[in-house]
Amino acid sequence: MRQLLPDTYLRKWELEHLRRDFLQEIRLRAGKELMITYEGMEQVLDEHLVSKADIEQIFQWLCGYGVYAYQEEIAKGYITIQGGHRVGIGGQVLFDLYGKVNHMKYISSLLIRVSHDIADVCDGTLDKLYRGGKVQSTLILAPPGCGKTTFLRDLVRKVSDGNALGTGQNISLVDEREELAAVCMGIPTINVGKRTDVISGCEKSIAMEMCLRSLGPEVVAVDEIYSEKDLEAIKRLDGCGCAILATHHAYTFEEFSRKHFGKEVLKYGLFDRYVLLGRDNGAYVVRGVLDAE
């Protein structure tokens, strides 16, 4: 918990007793009640109002009292702190002379999304994702907060290190938001496998092209694909024989298949397997694995 909030606030808001394993989100809004998502349930802590000063102090602390060093990330609307925890930022957006987002000020809300590195979450489905000793291109589908990133990280680790179904494969991990590998000063602080190369802090579509040109991957892993640029980059990876491990927001496969993005993915046959995740009683669950065939 001490990675997420200063000790003074953990005591002030009576959060010291919480187990980080069960905590998904902390929401801070100026002038509003403190909210947390714990064991899959939203809790409104009516007795604790969050002030603008609270948010300013906590944001400075999260940035290690060096906000300037995070300017590029802040311009994207979030920062990632050590441990892979992502902090979404609400406030006033500032633009440069060319109309590009330059910075944010008057920060009025923070969403701290707690990263969980849980080992072996993909073990029960691993045998369905392999063929001939190689992992197949797999898209992980789930609503927000149902463990897509956690599942993908564990899958990357298992494929990279090798397992009973196949020898280790060279993986290029695209970590745009620096959550998957919790990169600090260019070095992953979470184990993502011994044959994994990480490109962090770069737009996904550009990073996928860089991987293909320079790192010689057998597998490329990427979180939260959704744009036309992502789609085009994945097509090129598929055309070069790379397996792709990725995630996408969707509540069901039917919903995914109705989206324009989903229709294009299915049209070009970019994935061999679809893993459907959900949550029951606060726990991540695999609802099914679909074979594209």
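How much accessible surface does the chain have, and what share of that surface belongs to carbon and sulfur atoms? I started my notebook with this one: the total comes to about 14,100 Å², and carbon and sulfur atoms hold 50% of it. A reminder to myself before going on: this is a predicted model.

**Entry: overall build**

I looked up the secondary structure next and found eight helices and 17 strands in the chain. Then I checked the radius of gyration. For 293 residues a compact globule would come out near 19 Å, and the chain has 20 Å, so the two agree. Along the principal axes, the C-alpha atoms fill a box of roughly 55 × 50 × 40 Å.

I also asked how much of the chain is buried, and the share is 50% of the 293 residues. On contacts, I took those with a separation of 6 or more; residues 24 or more positions apart account for 59% of them.

**Entry: charges**

I counted side chains by sign and got 36 positive and 42 negative. The centres of the two sets lie 2 Å apart.

**Entry: cysteines**

Why is Cys202 not in a disulfide? I went to the closest cysteine sulfur, which sits in Cys211, and the gap is 8.7 Å. A disulfide needs sulfur atoms within 2.5 Å, so that distance is too far for a bond. Cys202 is buried, I noted, with a relative accessible area of 17%.

Cys242 gave me a similar page. Its nearest cysteine sulfur belongs to Cys240 and is 6.5 Å away, and Cys242 is in no disulfide. Cys242 has 6% relative accessibility and counts as buried. For the whole count by this rule, I wrote down zero disulfides.

**Entry: Glu224**

Is Glu224 buried or exposed? I found a relative accessible area of 13%; because the limit for buried is under 20%, Glu224 is buried. I placed Glu224 in the loop that runs between strand S14 (219–222) and helix H6 (228–239).

Then I listed what Glu224 touches, leaving out residues up to four places away in sequence. The partners are Arg86, Arg177, Lys204, Asp230, Thr247 and His249.

**Entry: His17**

For my last stop I picked His17, in the loop between helix H1 (7–12) and strand S1 (23–29). At 61% relative accessibility, His17 counts as exposed. I also took one C-alpha to C-alpha distance from the model: His17 and Leu34 are 16 Å apart in space, with their positions 17 residues apart in sequence.

Terms used. Residues are numbered from 1 along each chain as its sequence is written. This is a predicted model: local features need pLDDT of at least 70, side-chain atom pairs count only at pLDDT 80 or more; totals for chains, interfaces and linings use all residues. Side-chain values use heavy atoms; hydrogens and water are left out. Buried means under 20% relative accessible area, exposed over 50%, partly exposed in between (1.4 Å probe, protein chains only). Helices (H or I, at least four residues) and strands (E, at least two) are DSSP runs, numbered from the N terminus. The radius of gyration is taken over C-alpha atoms; the globule rule is 2.2 Å times the number of residues to the power 0.38. Contact means heavy atoms within 4.5 Å. Accessible areas come from the Shrake-Rupley method with a 1.4 Å probe; for residues, only the protein chains shown count as cover. Lys and Arg count as positive and Asp and Glu as negative; His and the chain ends are not counted. The place of a charge is taken as NZ of Lys, CZ of Arg, CG of Asp or CD of Glu.
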